[in-house]
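Work through the exercises below with the structure open. Try each task before you read its solution.

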Amino acid sequence: MGNLENAVIQAVRCLEGTFGLAVIHKNEDKIVVAKKGSPLIIGVGENEMFVASDVAPILEYTKKAIYLNDNEIATIKKNEYSIQDLSGNNIDKKIHEIKWAVDQIEKSGFKHFMLKEIFEQPDAIKNVLRGRIKNNKIKLSVNVDLNSVERIIIIACGTSWHAALIGKYLIEKITGISVEVDYASEFRYRKPIIKEGDLVIVVSQSGETTDTLAALKEAKSKKAKTIGFVNVVGSTIAREVDSGIYLHAGPEIGVASTKAFLCQIVTLLLFALFMKQERGFDLDEELLKELGKIPNKIKQVLVESDNIKHIAEKFKDAKNFLYLGRGINFPVGLEGALKLKEISYIHAEGYPAAEMKHGPIALVDKNMPVVFVASKDHTYEKILSNMQEIKARQGRIIAVVNEHDEKLNHLVENIFKVPITRNELSPIINVIPLQLLAYHIADLKGIDVDKPRNLAKSVTVE
Ligand code: M6R
């Protein structure tokens, strides 16, 4: 008679591509698991064991996790496990203790995890900042030489890519170092040019996104220095990078990323400031002071949730949305559009506001809601004229503006007023009403907000 482990080993040797396998046989009281490329963890419980692609689903049952590596085979029984390599040799693996608490993965009275996570954002920001700013100095443990960095490439997917775009504005403005942002899936296949002095930053909530991981491996194969900004401790990307900074957002269960996005922006900002400091420059104390005020300013927006719901009622049946912003708030428009489309299934596009006249303006008529992010910065007057162009075509304008801004009242159908902050920090505040707008529209449409169709929390396929 054959042996299940040997059969899996032989099969795995023949397999091409990426996979995570859990194999059972009707005569055997065990599960044999194997992986390549895709994440696979084993949860070690009391009289029970778990197999999952992420720690979040097992947290309720156990805090002990083993991360399987490629070309390792694990045999799991009710009370024991063993791990072998493809030659059948036994391997000893460390059991990781997961620090997240169970109440962090409960809804705590909120209708959905997404809403809870939106409301957790003030605390999430406090956590990402905790212990990292002291006496106007940034404290980060980054184990790569930053002084020799001449160019930065940031790689990410989805919402993390939007955070990366904001990171580009921040790092270039604060350090003067040139930054490129790439979709992980494009970076990995376009034979990217990596030179000495290049630093590759990967941004990922889950730390398991297959495209991001593959792009990281491509960067490493070209000898780039790599840093990961990751939320899930011990995840594959966190283990693969040369150095990392954890986001400390806590577990994010809702498929639509919210609090991790904010923590990514803050981490990118801290990193930019840290680089400046490492190069011997003083930091902008006013900016650090304002950063400390951000959690309270977010709370001021969150109390408007019910008002935003009223606006959502008016627009829930729209078929299309446009989101427009400029400068550092252009990626906020992209993120607003992504949030809306992924959970409400309404088609939405984000554009730099000035690009509108190069094509998208053809879509504007009395049925088109256009969401503007219009903070008072050096692009404000330009945004105003973009709004007039939309108004002239009877588009329905919704605008996120600074408090006390009355100048746009005559142009807009609905307005979200948000507290004033520094331009560098404005995306953190401006995205909140857009998250809430998407959430309320999706909820009013009766969609399962936390598990929208066709989407997964960790995208572990190519
Ligand atoms: O875990 P990651 O940050 O690497 O995930 C990247 C994207 O898959 C993710 O941001 C996705 O776009 C979310 N559904 C956005 O809400």
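The exercises cover the ligand, the pocket and the cavity of this predicted model.

**Exercise 1. Find which residues come nearest to the ligand, and which polar contacts the ligand makes.**

Solution.
- Step 1. Start with the shell. There are 14 residues around the ligand. Those that come nearest are S160, S204, S206, T209 and E342.
- Step 2. Look for N or O atoms within 3.5 Å of the ligand's oxygen atoms. In S160, a side-chain N or O atom is 2.5 Å from a ligand oxygen. In S204, a side-chain N or O atom is 2.7 Å from a ligand oxygen.
- Step 3. Check the backbone too. A backbone N or O atom of S257 lies 2.8 Å from an oxygen atom of the ligand.
- Step 4. Turn to the covered area. Alone, the ligand exposes 410 Å². The protein buries 91% of that area.

**Exercise 2. Work out which elements give two or more residues to the shell around the ligand, and how the shell residues divide by class.**

Solution.
- Step 1. Map the shell onto the elements. Two or more residues come from each of α4 (158-175) and α11 (330-344).
- Step 2. Pick the main contributor. α4 gives the most, with three residues.
- Step 3. Sort by class. The shell has four nonpolar, eight polar and two charged residues.

**Exercise 3. Describe the largest pocket: what is its volume, and which residues are closest to its centre?**

Solution.
- Step 1. Locate the pocket. The largest pocket is the space taken by the ligand.
- Step 2. Read off the volume. The largest pocket has about 590 Å³.
- Step 3. Go to the centre. The pocket is lined by 27 residues, and C157, G158, T159, L338 and V459 are the closest to its centre.
- Step 4. Assign the lining to elements. α4, β13 (198-204), α6 (210-221) and α11 each give two or more residues. α4 gives the most to this lining, with five residues.
- Step 5. Sort by class. The lining divides into ten nonpolar, twelve polar and five charged residues.

**Exercise 4. Search the whole structure for cavities of 30 Å³ or more. How many are there?**

Solution.
- Step 1. Count. The search finds one cavity of 30 Å³ or more.
- Step 2. Give the volume. The largest cavity has about 40 Å³.
- Step 3. List the lining. The residues are D54, A56, W100, Q205, V232, P251, E252 and K457.
- Step 4. Sort by class. The cavity lining has four nonpolar, one polar and three charged residues.

Terms used:
Residues are numbered from 1 along each chain as its sequence is written. This is a predicted model: local features need pLDDT of at least 70, side-chain atom pairs count only at pLDDT 80 or more; totals for chains, interfaces and linings use all residues. Side-chain values use heavy atoms; hydrogens and water are left out. A residue is near a molecule or strand if one of its heavy atoms lies within 4 Å of it. A polar contact is a pair of N or O atoms within 3.5 Å; within protein, one must be able to donate a hydrogen and the other to accept it, and residues adjacent in sequence count only if both atoms are side-chain atoms. Accessible areas come from the Shrake-Rupley method with a 1.4 Å probe; for residues, only the protein chains shown count as cover. On a 1 Å grid over the protein atoms alone, a cavity is a set of points where a 1.4 Å probe fits but cannot get out, and a pocket is an open set with protein on both sides within 12 Å along at least five of seven lines; lining residues have an atom within 4 Å of a point. A molecule sits in a cavity or pocket if more than half of its atoms lie within 2 Å of its grid points. Helices (H or I, at least four residues) and strands (E, at least two) are DSSP runs, numbered from the N terminus. Ala, Val, Leu, Ile, Met, Phe, Trp, Tyr, Cys and Pro count as nonpolar, Asp, Glu, Lys and Arg as charged, and the others, Gly among them, as polar. Grid points are joined across faces, edges and corners, and a volume is the space filled by probe spheres set on the points.
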